[in-house]
Amino acid sequence: MLVFFGLTLVSAQKYTVQGTVQDFHDKTMLENAEVKIGDLTTKTDKKGKFSFPNVPAGNYKLVARHPLCDDYTENVGVDRDIHLAIILEHHEGEIQTVTIHGSHKTKGSVIMTTLDKTEIERNSTENLGNLLSRISGVSSLKTGNNITKPVIRGLYGSRISIINNGVRMAEQEWGVEHAPNIDVNDFEHIDVIKGASALKFGNEGVGGVVVLESAVLPKKDTIMGSLRLSGISNGRGGEIGANVAKAWKNQWFVKTGGSYRKTGDLYMPHYTLQNTGQEFNSFNFSFGKHSFLQGFDVSYSGINQEFGIYRGAHLASPEDFYNAVNFGQSYYLDNFSYDIDNPKQEVAHHIAKLSAYRRFADFGKLTFQYSFQLNRRKEYDIRRGELSNLPSMDLRLITHSASLVHLLERANWSLESGISGAFQDNYPNPATKARRLIPDYYRYDAGAFSVFKYRFNSKLNAEAAVRYDFSRYDAYKYYDSEKWEANYADTFPQFVVSESGSRTLTRPILDYHNFSANLGLDYKPFENLELKLNLSRAERTPNPAELFSDGLHHSAAIMEEGNLNIQKETVYNVNLSLAAKFNVLKGLHIEASPYLMMSDNFVNQIPTSVMNTNRGVFPVWSYQQIKARIFGVDADAELSVTDQLKWKSGFSILKGDDLSNNEPLILMTPAKLRNSIQFNLNKPRNFYISLENENTFKQNRFPIRNLPVSFIKDGVERSEIVDFSSTPAAFSLFHASVGADLAKNLNVNFRINNIFNTDYREYLNRLRYYMFESGRNFVVTLKYNF
């Protein structure tokens with residue numbers, strides 16, 4: 001009996017189980033975390049503490065939960081009083097990692113606009129430049145109708161950094177006609193950061209950064225994907241695309257996808273433009289494992305593009321050039337064809353990436369990334385005989401880059417620091433038997449950055465960033481001896497390698513030390529009002545075209561002249577954003593973003609003359625360094641009239657000045673106003689209908705850069721002035737789209753661009769002198785999700 005009662009007393013003995021629940025990243029104690037042991041449940045207090053005072057001896061399953069965290073599970077044997085320290089992954093977003101999948105929990109002090117998955121899917125056949133132009137303050141610089149690149153607040157080219165899944169694109173982006181090699185359908189959302197406030201991504205994005213991010217796969221056993229089929233009326237073409245992903249509960253994943261698009265000659269009102277077709281294909285593949293503590297991924301993506309260049313931009317005589325620019329006299333119209341003939345451009349871009357990360361409880365997170373890029377660009381001119389199939393320019397650019405980044409997060413502050421290095425090898429193939437526009441060069445880059453963010457309270461956040469970059473060019477370039485003696489012999493005598501007849505071989509070795517800094521404030525005095533201020537100073541290394549270009553740029557139909565005397569560019573930016581919400585109808589959101597950019601050594605390209613060659617007549621564009629100022633404002637409004645009806649409006653205007661020559665800056669974006677109204681009916685078929693109006697005003701501020709030409713007509717020599725300065729008239733376009741689910745996983749989207757088939761020219765189209773923009777276009781897309 002004594003033994004029996006003794007065992008009963010032992011088994012009935014109770015103990016205390018207590019402990020804390022802590023955030024892994026910033027070590028803060030988590031309040032209201034639910035802790036369960038057996039059938040007993042409690043929640044943590046403000047200090048993250050929990051306690052179970054009377055737990056019978058035995059074995060239990062302990063579970064801890066908290067919003068936005070993965071559950072913590074552990075088997076616990078209770079045979080004495082126990083104290084537990086539980087650590088949860090409470091990870092909404094990393095400091096200075098601009099994007100957060102799904103929705104942005106916080107943007108910090110950066111001024112950013114996002115195109116979400118819905119917007120991308122409804123415009124899936126557009127290129128990146130056209131797609132981003134839907135954002136206020138963003139437009140596109142064009143060479144014809146197929147080649148576009150983004151312009152952010154008047155700046156473009158190498159001043160805009162494009163981040164493709166963590167890799168900064170290196171694709172000879174310095175050229176005005178080098179369209180980004182991007183398939184927009186590969187991404188879940190696209191973020192545009194305005195101004196030089198994201199120094200993590202490099203110092204060259206003084207105009208802004210475009211961040212493209214793929215979807216995060218769920219951590220469960222599943223297979224998912226989609227099949228997309230589009231028909232395009234303007235160009236009588238179509239597109240097909242597919243992607244598929246397999247994820248496992250053990251956090252491994254593999255995914256792949258690709259697309260193919262083909263169109264023929266583009267249609268403008270009443271005519272087709274010969275040799276304006278395109279062919280595009282892309283492929284991507286990746287695999288890896290992403291757990292909370294550590295992970296890695298390996299990825300590859302490849303894109304091949306072929307564009308026809310409108311033949312009317314390559315004119316045979318000064319008289320044709322004069323008539324085309326001054327009187328809009330078009331050539332090479334009608335005769336639709338799918339053939340892509342010279343002049344044309346062929347581009348292939350390949351990216352291979354390896355990245356890995358590891359989190360340490362006290363040390364923070366380390367991330368390593370290596371990427372390899374190969375860009376091959378061939379440009380074909382109108383040549384005769386055996387040279388007709390030989391490219392006039394054949395550039396191969398290889399880029400190796402690596403980075404190591406450390407992130408440390410605490411309750412009210414975080415510090416992210418990193419180092420990076422890159423090597424580029426540019427090789428212009430001499431087999432083209434044409435003068436090389438860009439010479440052989442090696443480029444070496446090394447950089448270091450640090451970003452500190454501090455949270456003063458729930459209303460005020462601040463961040464400060466510094467960055468140092470070193471760049472070196474090691475180039476081999478031939479100059480005409482006469483030009484070298486006139487422009488560079490006294491300044492760079494050490495660069496001369498040898499002289500041969502009228503040619504001088506040089507080896508320019510140029511070093512640049514760049515220092516950049518940024519200060520940002522994010523203040524939210526009231527729940528419905530937010531103010532952001534960014535002050536930045538960024539230094540940019542001149543790109544190869546600004547330094548070395550010399551000759552005919554075939555696809556742009558211009559002659560380019562670089563300047564070896566160009567120094568690094570220093571840009572000062574002031575960006576302000578005011579966002580407010582009002583209780584009007586179902587909600588009104590208004591945001592205004594004024595900005596100011598100033599530089600004492602701004603690199604500018606302007607037309608300076610006309611050159612008559614045996615390959616045609618082309619304007620000459622030359623680079624110069626000036627004192628410049630750009631200021632403007634972007635404004636957006638969104639009103640929810642009802643739960644189903646929404647109105648959006650965006651307006652942008654800027655003013656650019658060449659202070660050195662007391663004239664307006666060239667190629668500044670004209671004022672734009674975009675309005676749209678959309679009706680959504682989520683049940684039962686996710687039906688929507690949208691009507692958009694896009695207004696582009698006439699750019700009345702432009703420098704006078706008219707060009708003199710001479711030609712013989714009717715036996716008499718004539719000297720005329722080509723009006724290379726006047727800007728096109730204002731225009732207004734209407735677009736509409738409608739879509740719905742046809743079945744459970746089958747969706748249709750129908751869109752009409754330029755409903756009224758309006759005749760118009762865009763100021764930022766470098767071929768606007770010779771052609772109108774595209775006419776009406778019907779696009780229908782069927783998408784099957786699984």
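Reader: In what order do the five strands of the open sheet that includes β8 and β12 stand, and is the pairing mixed?

Author: In this predicted model, five strands form an open sheet with mixed pairing. The edge positions are held by β8 (112-115) and β12 (167-168), each of which pairs on one side only. Read across the sheet, the order is β8-β13-β14-β11-β12.

Reader: Within that sheet, which residue of β14 is the bridge partner of S161?

Author: Strand β11 (residues 160-164) pairs with strand β14 (residues 208-213) in the parallel sense, over five bridges. The bridge partner of S161 in β14 is V209.

Reader: Which strands stand at the edges of the open sheet of three strands, and why is one side of each left without a neighbour?

Author: The three strands are arranged in the order β4-β1-β7, and their pairing is mixed. Each edge strand has a single partner strand, so one of its sides has no neighbour in the sheet. The strands in question are β4 (49-56) and β7 (82-88).

Reader: By what angle are neighbouring strands of the β4-β1-β7 sheet turned against each other on average?

Author: The open sheet concerned has three strands in the order β4-β1-β7. With direction ignored, its neighbouring strands are turned against each other on average by 25°.

Reader: Which residue of β7 is the bridge partner of G19?

Author: Strand β1 (residues 14-23) and β7 are joined by seven bridges and pair in the parallel sense. In β7, the partner of G19 is L84.

Reader: Which residue in β20 does V254 stand opposite?

Author: Strand β17 (residues 252-263) and strand β20 (residues 278-290) run antiparallel and are joined by twelve bridges. Strands of a sheet pair through backbone hydrogen bonds, in either a parallel or an antiparallel sense. Opposite V254 in β20 stands F287.

Reader: How many residues lie between β20 and β21 in their hairpin?

Author: Strand β20 is also joined to strand β21 (residues 294-308), with which it runs antiparallel over 13 bridges. One of the bridged pairs is F285 with Y300 of β21. The two strands form a hairpin, and the number of residues between them is three.

Reader: Which residues of helix α4 are buried, and which strands are included in what covers them?

Author: Helix α4 spans residues 318-327, and its buried residues are P318, F321, Y322, N323, A324 and V325. After the helix comes G328, with a positive phi near 65°. The cover over the buried residues of α4 includes β35 (588-613), β36 (616-640), β41 (707-713) and β42 (716-722).

Reader: Is M598 buried or partly exposed?

Author: M598 is found in strand β35. Beyond its neighbours up to four places away in sequence, M598 touches T570, V571, Y572, A628 and R629. Its relative accessible area is 32%, and buried requires a value under 20%. M598 is therefore partly exposed.

Reader: How far apart are the C-alpha atoms of M598 and A352?

Author: M598 and A352 are 246 residues apart along the chain. Their C-alpha atoms are separated by 37 Å.

Reader: With which side chain does the side chain of Q424 make a polar contact?

Author: Q424 lies in strand β25 (residues 413-428). Its relative accessibility is 12%, so Q424 counts as buried, the limit being under 20%. Leaving aside residues up to four places away in sequence, Q424 touches A170, L397, I398, T399, Y441, Y442 and R443. The polar contact, at 3.2 Å, is with the side chain of T399.

Reader: Why does G551 count as buried?

Author: G551 has its place in strand β32 (residues 550-553). Residues that G551 touches, not counting those up to four places away in sequence, are L437, I558, M559 and E560. A residue is buried when its relative accessible area is under 20%. G551 meets this limit because its relative accessibility is 8%.

Reader: What volume of space lies in the largest cavity, and which of its lining residues lie nearest its centre?

Author: The count comes to 13 cavities of 30 Å³ or more. In the largest cavity there is about 880 Å³ of space. It is lined by 47 residues, and those nearest its centre are E126, N130, K142, N145 and N753.

Note on methods:
Residues numbered from 1 in each chain as written. Predicted model: local features only at pLDDT ≥ 70, side-chain atom pairs only at ≥ 80, totals over all residues. Heavy atoms only, no water. Helix = DSSP H or I, 4+ residues; strand = E, 2+ residues; numbered from the N terminus. Buried < 20%, exposed > 50% of the residue type's maximum accessible area, 1.4 Å probe, protein only. Polar contact = N/O pair within 3.5 Å; in protein donor to acceptor, adjacent residues only side chain to side chain. Contact = heavy atoms within 4.5 Å. Pairing = 2+ DSSP bridges. Axes fitted to C-alpha atoms, helices over the stretch in contact; angles between N-to-C directions. 1 Å grid on protein atoms, 1.4 Å probe; cavity = no way out; pocket = protein on both sides within 12 Å on 5 of 7 lines; lining within 4 Å. Points joined across faces, edges and corners; volume = space filled by probe spheres on them.
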